[in-house]
Amino acid sequence: MAEEAVLGFLEKNEEISDSGQFAADRGIDHQELTNIIKRLSGFRFVDAQDIKRERWVLTEEGKTYAAAGSPEMQVFNAIPPPGISLEELQRKLDPSVFKIGCSQAKKNQWVEMGKQLVTRKVDNVEDKVKDLLNRVQDGEAIDPKELDALKRRKLIAPQTWKGYSIRKGPNYAPKRKIFATDLTRDNLLRGDWKDLEFKEYNFSAKGQPIEGGHLHPLLKAGLCEAEIVVRQQFKMIFLQMGFEEMPTNNFVESSFWNFDALFQPQQHPARDSHDTFFLQVPSTTKTLPEDYVERVKGVHESGGYGSRGYGYEWKREEANKNLLRTHTTAVSSRMLYLLGQQKNFTPKKYFSIDRVFRNEAVDRTHLAEFHQIEGLVCDRGLSLGDLIGVLNNFFLRLGMSKLKFKPAYNPYTEPSMEIFSYHEGLKKWVEIGNSGMFRPEMLRPMGLPEDVRVIAWGLSLERPTMILYGVDNIRDLFGHKVDLSLIKKNPLCRLGME
Ligand code: PHE
């Protein structure tokens, strides 16, 4: 219908100068006409030129006043001839109508706002605002001054209207033949296939994009020619360095393994529910190795192995509390305990990469859950020099050759060092991890021999991934706000901070 109208009009006329007018004159929906124009111009039946017009439309507030009258009018109408108390008036009106209406009605000198009574100052008033709004709605031309007043009251807003002017195109014909695109069973049954004209095949058409699974950046990175995932790349590095993966398949952990075994005192702020998610069901752990628990209690309360301990009363109930593990060092503590149980000590190199949870205020660099990468070496006679050497080796394999270390504090390591790397792209030192040598207060109660040392380090998986993919808000990377197109379209990145 509408298509015929357009083609028919152009047969006798040079141009449709305004699609809006054309649609209005014929009672055609403009959106529908726009679709037809686009299609016809795609077939080059017509040439369409964009036309744009600024026009004013009512805001939501403007629409309510256009229907129910301006607030000042509503206030005026709510005042009976003898007057009304302010409270009574307020009760009769919607709060925002009351507020705006009173101030406008006063400004217009329509009402007298006395201390006791609100009264009308004039008998009759005209609701100019409502009239103007209705005229704007009808598309009438309006005095710019009046428009400005409505705009300042945020009752109208500008909107760009888009339409077309249309002329004949190179393939113009007064009627467009509709080609069949499919040969259907019905065509065959009816026999009308003999008369149909079929659309030609377009062999160079692009075809539908293939939809499929996409790897998340945390799982993806290109290492030279091969496509390897970021965490896979970390895993490869650990494996190449002879590390074994620790089992990390328990998000729920007891406070004991997460904190107490790590010589973290029970009053430590990290053990507060502001920092840690505690479980309600089941709220406590069922079993712990009792003799080891006794040794942990002892070392917290009164020390041993050359330490004075913390000198407080250690509570079993606190250790029993279940939580979502706050670091993968909880896994390390379980594994080291197992090593301590061996008859003959065997040195080990362990690593893990998995999720941890912290009850943190979420912002652009923090989430309540993230991933940690952790490595440790357990052997006799290790020193801080070994830790620095292993870290240099590890990070060099990631392409980070300039490292700096800064003394730090962890309850379970002494000494402790924060790890910084010089980022050539950002031209600055960025913190990339935390490290240290586990304290004897942690290792000895596990049963590890006196000369066994453990060097360890931890970093988040998100940080290097954010730097790599140029993501500056962690919520763009992980969590429910992730833009799925990022996951579909992001490039392969080579891990290596150059
Ligand atoms: N557990 C520490 C953290 O969560 C990282 C760490 C691991 C530090 C091992 C020292 C040794 O930040």
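This briefing walks through a ligand site, some helix packing and a few backbone oddities in one structure. Keep in mind that you're looking at a predicted model. Three helix pairs get a closer look here: H2 with H3, H1 with H3, and H4 with H8. There are also two cis peptide bonds to find, one leading into proline 282 and one leading into proline 415.

**Around the ligand**

- Start with the shell around the ligand, which is made up of His327, Thr329, Glu374, Asn410, Thr413, Asn434, Ser435, Gly436, Ala456, Trp457 and Gly458.
- Sort that shell by class and you get 8 polar residues, 2 nonpolar ones and 1 charged one.
- Two strands each chip in at least two residues of the shell: E16, covering 428-438, and E17, covering 452-460.

**H3 and its partners**

- Helix H2 (residues 19-26) packs on helix H3 (residues 30-42) with the axes 9 Å apart and an angle of about 125°.
- That angle makes H2 oblique to H3, and the crossing is right-handed.
- On the H2 side, the contact uses Ser19, Gly20 and Ala23, while H3 brings His30, Leu33, Thr34 and Ile37.
- Those contact residues of H2 and H3 split into 4 polar and 3 nonpolar, with no charged ones.
- Now look at helix H1 (residues 2-12), which packs against H3 at an angle of about 60°, with the axes 9 Å apart.
- So H1 is oblique to H3, and H1 passes H3 in a right-handed crossing.
- Here Ala2, Glu3 and Val6 from H1 meet Glu32, Leu33, Ile36 and Leu40 from H3.
- The residues of this H1 and H3 contact come out as 5 nonpolar and 2 charged, with no polar ones.
- Leu33 of H3 is worth clicking on, since it turns up in the contact with H2 and in the contact with H1.

**H4 against H8**

- Helix H4 (residues 60-68) and helix H8 (residues 128-137) cross at roughly 115°, and their axes come within 8 Å.
- H4 and H8 are therefore roughly perpendicular to each other, and H4 passes H8 in a left-handed crossing.
- Gly62, Tyr65 and Ala66 are the H4 residues in this contact, and they meet Val129, Lys130, Leu133, Asn134 and Gln137 of H8.
- By class, the contact of H4 with H8 has 4 nonpolar, 3 polar and 1 charged residues.

**The annotated stretch**

- An unreviewed UniProt entry carries the annotation "coiled-coil region" for residues 115-142.
- In the model, residues 115-142 are 36% helix and 14% strand, and the C-alpha atoms at the two ends of the span lie 39 Å apart.

**Backbone oddities**

- Valine 281 and proline 282 are joined by a cis peptide bond, with omega at about -10°.
- You'll find proline 282 in the loop between helix H12 (255-258) and helix H13 (290-302).
- Another cis peptide bond runs from glutamate 414 to proline 415, and its omega is near -5°.
- Proline 415 sits in a strand, namely E15 (residues 413-423).
- Arginine 44 isn't a glycine, yet its phi is positive, near 60°.
- To spot arginine 44, look in the loop between H3 and strand E2 (46-58).

Key. Residues are numbered from 1 along each chain as its sequence is written. This is a predicted model: local features need pLDDT of at least 70, side-chain atom pairs count only at pLDDT 80 or more; totals for chains, interfaces and linings use all residues. A residue is near a molecule or strand if its C-beta atom, placed from the backbone, lies within 6 Å of it. Helices (H or I, at least four residues) and strands (E, at least two) are DSSP runs, numbered from the N terminus. Ala, Val, Leu, Ile, Met, Phe, Trp, Tyr, Cys and Pro count as nonpolar, Asp, Glu, Lys and Arg as charged, and the others, Gly among them, as polar. UniProt positions are given in the numbering used here, feature names are shortened, and annotations may be inferred rather than shown by experiment. Axes are lines fitted to C-alpha atoms, for helices over the stretch in contact, and angles run from 0 to 180 degrees between N-to-C directions. Angles under 35 degrees count as roughly parallel, over 145 as roughly antiparallel, 65 to 115 as roughly perpendicular and the rest as oblique. A crossing is left-handed if the near helix is turned anticlockwise from the far one by less than a right angle, and right-handed if clockwise. Two residues are in contact if their C-beta atoms, placed from the backbone, lie within 7 Å.
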